[in-house]
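Here's a quick tour of a protein and DNA model, taken from the way the chains meet to the way they hold the DNA strands. Have the 3D view open as you read.

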2 protein chains.
Amino acid sequence: MVKMIEVAKLARVSPSTVSRVLSNSPYVSEETRQRVLEAVKLLEYKPNRLASNLRKMSSKTVVVVLPDITNPFFSKILQGLEDVARENGYHVLLGDTGNSLKLEKDFIDLVRERFVDGLILATARIRKEEILAISQEMPVVLACEYVEGYDIPTVSIDNISAARQATEHLINLGHQRIGFITGPLGVILSRDRLKGYRQALLLHEIPIEEALIQEGDFSVKSGYDIMMKFLAVNPPPTAVFASNDEMAVGAMKAIKHKGMRVPDDVAVIGFDDIPLCTLVEPELTTIAQPKYEIGIQAMEMLLKIIKGEMLVKRQIVLAHQLVVRESCGYNLYRQGGEVETNIHT
Amino acid sequence: MVKMIEVAKLARVSPSTVSRVLSNSPYVSEETRQRVLEAVKLLEYKPNRLASNLRKMSSKTVVVVLPDITNPFFSKILQGLEDVARENGYHVLLGDTGNSLKLEKDFIDLVRERFVDGLILATARIRKEEILAISQEMPVVLACEYVEGYDIPTVSIDNISAARQATEHLINLGHQRIGFITGPLGVILSRDRLKGYRQALLLHEIPIEEALIQEGDFSVKSGYDIMMKFLAVNPPPTAVFASNDEMAVGAMKAIKHKGMRVPDDVAVIGFDDIPLCTLVEPELTTIAQPKYEIGIQAMEMLLKIIKGEMLVKRQIVLAHQLVVRESCGYNLYRQGGEVETNIHT
DNA sequence: GATATCTCTGCAATCGATTTTAATAGACTT
DNA sequence: AAGTCTATTAAAATCGATTGCAGAGATATC
């Protein structure tokens with residue numbers, strides 16, 4: 001493997017000059033610059049990043065910790081994260097934890113070991129206090145996840161309002177018995193969505209029925225199973241709000257298997273707006289999260305922290321949007337005026 | 001940031017001894033070992049990976065180059081890749097190219113710069129000869145992608161046979177006019193699938209009609225658009241084979257929009273077996289690729305190459321499987337005896 | 001003409017862990 | 001008691017690029 005000193009010899013300069021040429025530093029005469037570049041080309045020299053990393057004490061790499069890369073919600077966020085990272089000369093190390101606390105900690109440790117310059121947490125099983133401590137000693141941004149009461153850099157949406165809006169959409173369509181499939185209640189955004197659901201019912205003076213609130217795990221299967229339970233309740237709900245789109249689709253499956261129809265017999269609304277929404281029948285009405293944008297902003301924030309810039313805003317809340325499709329039925333009522341009618345992705 | 005020499009001082013030993021303790025080398029007395037470990041704990045010492053990487057000339061990291069992380073096919077492969085990497089103490093650097101040749105080359109360069117120890121190519125736009133050259137100078141494994149005629153480490157399925165089998169499934173169900181939606185013909189597996197389709201028709205003496213072969217781009221929309229064209233042909237095909245599941249779902253959409261039914265009016269078969277298949281209605285019959293397994297084997301192969309082990313097999317071809325669901329209709333005919341009947345993911 | 005300023009380049013230190021080589025103490029042999 | 005081993009530890013070289021400092025030469029300023 002050819003190294004800098006060999007290039008230096010060939011170009012009859014010192015390694016420092018080669019380094020300066022390659023890092024586009026000023027104060028190198030045009031003539032020397034050319035000679036060096038020729039030598040670099042001739043020897044097919046590639047600087048050794050491991051050496052460079054050590055000297056600069058930075059790998060220009062960031063680790064992204066998420067629970068499941070095959071989940072379209074997270075992969076879209078990841079895409080936004082990577083795009084911004086790349087534009088700024090950074091790389092993304094994948095940290096798929098599969099919800100393992102141990103792995104999560106291992107990935108976080110990569111920052112302590114200086115192997116990566118920063119950390120994006122799109123999932124966080126570790127304790128609040130630990131996250132706080134970590135955020136104080138190294139560059140960290142929470143994407144989607146967040147911690148109540150602490151001032152940790154975060155990019156997310158307002159899950160409470162969003163869930164309230166989804167629920168109100170159903171209420172405005174005339175529904176009174178609305179089932180709610182929560183996400184895992186261990187994560188805060190699941191609790192927030194539940195809170196939003198409750199708020200909407202309260203606001204419209206609809207009694208809350210605990211039998212119509214069940215905890216799912218974000219999987220299609222859990223949506224299916226819980227919907228089956230709901231349909232066994234007497235009388236069954238006329239509408240269901242699922243905390244993510246996969247569970248909503250599972251619920252739709254259950255409804256159809258029972259010989260009932262969506263939205264005629266039961267209306268269904270989801271959350272996230274993944275591509276799947278427009279591929280099922282009827283197309284799924286849902287709350288759209290700006291997934292890609294969350295990624296963009298989270299990485300921009302992280303890079304600012306890494307560069308030592310002051311953050312104007314440490315907590316960014318992006319706008320969600322109700323996307324009305326077919327699974328709740330049509331009505332004179334229109335939310336926000338805009339109705340998405342895209343057929344394909 | 002506390003470094004090794006400070007630990008050494010506190011434990012009253014030399015840095016070399018600290019290093020030996022931390023790397024579990026023998027020839028360290030139990031007493032010293034304990035003293036060092038205590039010092040490590042007390043100072044909360046974490047070895048600097050950048051320094052370690054330089055000295056060992058390895059980052060224990062591998063870059064995975066793929067065209068689109070949000071594509072469920074690739075994200076599943078990636079999961080397999082990462083799982084094996086992690087079990088072996090390696091990390092995965094994400095290389096989402098968005099089909100850009102420039103980015104692809106940039107990621108490949110990371111190996112030349114010694115920033116990563118190896119390379120998995122799940123997409124390859126660069127020229128054959130270049131791939132060959134690269135595979136000779138650094139650890140590389142092709143996953144799914146492959147290069148004809150050269151002996152480059154590869155893990156894939158037999159796309160020709162798989163496509164032939166899919167087509168024969170339709171033929172065995174009585175179809176004679178079978179449309180085919182190809183993938184982008186720039187990638188070899190698309191050409192292979194087309195080849196398999198042609199072989200099946202030839203084998204059963206069905207005339208090949210060029211109007212029933214159209215090039216898609218693996219997107220739902222292209223499947224939809226091409227199916228619309230097929231339905232305008234007179235007479236339209238009674239069955240369609242799409243080179244991936246997304247296009248198949250797009251085709252199904254088109255058929256329904258025309259007021260026709262799947263599989264009654266037109267049978268549809270896809271390729272890949274992504275989770276979406278069981279979520280659409282009717283559920284999509286398809287060819288299942290062992291995505292996760294491809295990832296597993298590709299990474300195992302790469303790590304062997306990195307460790308300098310000889311490969312027994314340099315080209316691994318994994319088994320695909322026809323998964324019969326609902327989109328082609330039922331029939332007395334059963335392929336392979338096994339019929340998948342899972343409802344959810 | 002002397003001094004200050006600027007441009008360009010080289011030397012040598014540095015980043016922090018790892019590893020080769022050497023050294024020391026004690027045990028064991030003969 | 002001298003010589004040989006063995007176990008353990010320290011010292012020093014090393015990985016390869018980067019960068020602070022110094023110095024040489026050229027140009028500008030007074």
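The two protein copies meet through the same surface, because 100% of the interface residues of chain B are also interface residues in chain A. Contact here means heavy atoms within 4.5 Å. Keep in mind that this is a predicted model, where local features need pLDDT of at least 70, side-chain atom pairs count only at pLDDT 80 or more, and totals for chains, interfaces and linings use all residues. Residues are numbered from 1 along each chain as its sequence is written, chains are lettered from A and ligands numbered from 1 in the order in which they are written, and side-chain values use heavy atoms, with hydrogens and water left out.

How do the copies relate in space? Two copies of a chain are related by a rotation about an axis and a shift along it. Here a turn of 180° and a shift of 0.1 Å along the axis lay chain B on chain A with an RMSD of 0.2 Å. That is the relation of a two-fold axis. If you want to find the axis from chain B, look for Leu93(B): its C-alpha is the one nearest the axis in that chain, 2.2 Å from it. The superposition is by least squares on the C-alpha atoms of residues with pLDDT of at least 70 in both copies.

Now for the DNA. A residue is near a strand if one of its heavy atoms lies within 4 Å of it. By that rule 25 residues surround DNA strand C, and the closest are Thr17(A), Thr32(A), Arg55(A), Tyr45(B) and Arg55(B). DNA strand D also has 25 residues around it, with Tyr45(A), Arg55(A), Ser14(B), Thr32(B) and Arg55(B) coming nearest. Of the atoms within 4 Å of the protein, sugar or phosphate accounts for 64% in DNA strand C and for 62% in DNA strand D; the rest belong to bases.

Which elements do the work of lining DNA strand C? Helix 2 (15-22) and helix 4 (49-56) of chain A, and helix 2 (15-22) and helix 4 (49-56) of chain B, each supply at least two residues of the surface near that strand. Helix 4 of chain B gives the most there, with four residues. For DNA strand D, helix 4 of chain A gives the most, again with four residues. Helices are DSSP runs (H or I, at least four residues), numbered from the N terminus.

Some individual polar contacts (pairs of N or O atoms within 3.5 Å) are listed here:

| Residue | Part of residue | DNA partner | Distance |
|---|---|---|---|
| Ser14(A) | backbone | phosphate oxygen, DNA strand C | 2.8 Å |
| Thr17(A) | side chain | phosphate oxygen, DNA strand C | 2.6 Å |
| Asn48(B) | backbone | phosphate oxygen, DNA strand C | 3.4 Å |
| Lys3(A) | side chain | phosphate oxygen, DNA strand D | 2.7 Å |
| Ser29(B) | backbone | phosphate oxygen, DNA strand D | 3.1 Å |
| Arg55(B) | side chain | base oxygen, DNA strand D | 2.7 Å |

Finally, the cysteines. A disulfide is a pair of cysteine sulfur atoms within 2.5 Å, and the count comes to zero over all chains. Why is Cys144(A) unpaired? Its sulfur is 16 Å from the closest cysteine sulfur, in Cys277(A), so the gap is too far for a bond. Cys328(A) is in no disulfide either, with the nearest cysteine sulfur, that of Cys277(A), 11 Å away. Cys144(A) is buried (under 20% relative accessible area, 1.4 Å probe, protein chains only) at 6%, and Cys328(A) counts as buried at 6% too.

Conventions: Buried < 20%, exposed > 50% of the residue type's maximum accessible area, 1.4 Å probe, protein only. Polar contact = N/O pair within 3.5 Å; in protein donor to acceptor, adjacent residues only side chain to side chain.
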